[in-house]
Amino acid sequence: MSLEDVKKLRWKAPDYSKLQNEEFRRAIADVKSIAELEGVANRRRVLRNPNLSTWSDEQKQIILQRKYELERDG
């Protein structure tokens with residue numbers, strides 16, 4: 001995929017912090033590894049963009065729940 005393709009698709013990538021809780025829960029359910037979840041959870045640092053909005057308390061709980069599920073299921 002070229003840089004131009006990425007630029008065209010960028011507008012389609014939602015900021016997960018803007019999703020409603022059920023949409024966010026479905027998006028997080030697609031995360032298949034702890035490493036991937038850490039990237040999502042720490043997206044502001046990973047993307048070097050401190051201007052991204054922070055997670056709500058509910059979203060933090062959803063992330064932690066998914067982490068426990070991934071740890072439990074191996």
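A residue counts as buried when its relative accessible area is under 20%, and because Val-31 has a relative accessible area of 3%, it falls on the buried side of that cut-off. The legends below apply this term to close-up views of a predicted model.

**Figure 1. Overview of the helical protein.** In this predicted model, the protein contains 5 helices and 0 strands, and from the N terminus on its elements follow the order α-α-α-α-α. Of the 74 residues in the protein, 22% are buried. The accessible surface comes to about 5900 Å², and carbon and sulfur atoms hold 50% of that area. Among the contacts with a separation of 6 or more, 64% are made by residues 24 or more positions apart, and several of the views that follow show contacts between parts of the chain that are distant in sequence, including Val-31 with Arg-66, which are 35 residues apart.

**Figure 2. The buried face of helix 2.** Helix 2 spans residues 21-29, and Phe-24, Ala-27 and Ile-28 are buried in it. When the helix is seen down its axis, these buried residues fall within an arc of 95°, so they line one face of helix 2. The cover over the buried residues of helix 2 includes helix 3, residues 34-41, together with helix 5. Two of these residues return in later views, since Phe-24 takes part in ring pairs with Tyr-16 and Trp-55, while the backbone oxygen of Ile-28 is reached by the side chain of Arg-66.

**Figure 3. An aromatic cluster of three rings.** A search of the whole structure finds 2 aromatic pairs. In one of them, the rings of Tyr-16 and Phe-24 have their centres 6.4 Å apart and their planes at 85°, so this pair is edge-to-face. In the other, the ring centres of Phe-24 and Trp-55 lie 5.1 Å apart with the planes at 50°, so that pair is tilted. The pair of Phe-24 and Trp-55 links distant parts of the chain, with Phe-24 in helix 2 and Trp-55 in the loop between helix 4 and helix 5, 31 residues apart. Tyr-16, Phe-24 and Trp-55 together form one aromatic cluster. Phe-24 is buried, with a relative accessibility of 0%, and Trp-55 is likewise buried at 11%, whereas Tyr-16 is partly exposed, with a relative accessible area of 28%.

**Figure 4. Arg-43 and its surroundings.** Arg-43 lies in helix 4 and, at a relative accessibility of 8%, counts as buried. The charged end of Arg-43 sits over the ring of Trp-55, 4.1 Å from the centre of that ring, and this view therefore adjoins the cluster that Trp-55 forms with Tyr-16 and Phe-24. The side chain of Arg-43 also joins that of Ser-17 through a polar contact of 3.3 Å. Leaving aside neighbours within four places in sequence, Arg-43 is in contact with Asp-15, Ser-17, Arg-48, Leu-52, Ser-53 and Trp-55.

**Figure 5. Arg-48, a loop residue with positive phi.** Arg-48 is placed in the loop between helix 4, residues 43-46, and helix 5, residues 57-73. Most residues other than glycine have a negative phi. The phi of Arg-48, in contrast, is a positive value near 50° in a residue that is not glycine. Arg-48 is exposed, with a relative accessible area of 76%, although it is also one of the residues in contact with Arg-43, which itself counts as buried.

**Figure 6. Val-31 and Arg-66 brought together across the sequence.** Val-31 has its place in the loop between helix 2 and helix 3, whereas Arg-66 lies in helix 5. The two residues are 35 residues apart in sequence, and their C-alpha atoms are 8.3 Å apart in space. Val-31 is buried, with a relative accessible area of 3%, and Arg-66 is buried as well, with a value of 13%. When residues up to four places away in sequence are not counted, Val-31 touches Glu-36, Leu-37, Val-40, Arg-66 and Leu-70. Under that condition Arg-66 touches Ile-28, Ala-29, Val-31, Lys-32 and Leu-37, and the side chain of Arg-66 reaches the backbone oxygen of Ile-28 at 3.4 Å.

Note on methods
Residues are numbered from 1 along each chain as its sequence is written. This is a predicted model: local features need pLDDT of at least 70, side-chain atom pairs count only at pLDDT 80 or more; totals for chains, interfaces and linings use all residues. Side-chain values use heavy atoms; hydrogens and water are left out. Helices (H or I, at least four residues) and strands (E, at least two) are DSSP runs, numbered from the N terminus. Buried means under 20% relative accessible area, exposed over 50%, partly exposed in between (1.4 Å probe, protein chains only). Contact means heavy atoms within 4.5 Å. Accessible areas come from the Shrake-Rupley method with a 1.4 Å probe; for residues, only the protein chains shown count as cover. The arc is that of the directions from the helix axis to the C-beta atoms. Rings of Phe, Tyr and Trp (its six-membered ring) pair if their centres lie within 6.5 Å; planes under 30 degrees apart count as stacked, over 60 as edge-to-face and the rest as tilted. A charge sits over a ring if NZ of Lys or CZ of Arg is within 6 Å of the ring centre and within 35 degrees of the ring normal. A polar contact is a pair of N or O atoms within 3.5 Å; within protein, one must be able to donate a hydrogen and the other to accept it, and residues adjacent in sequence count only if both atoms are side-chain atoms.
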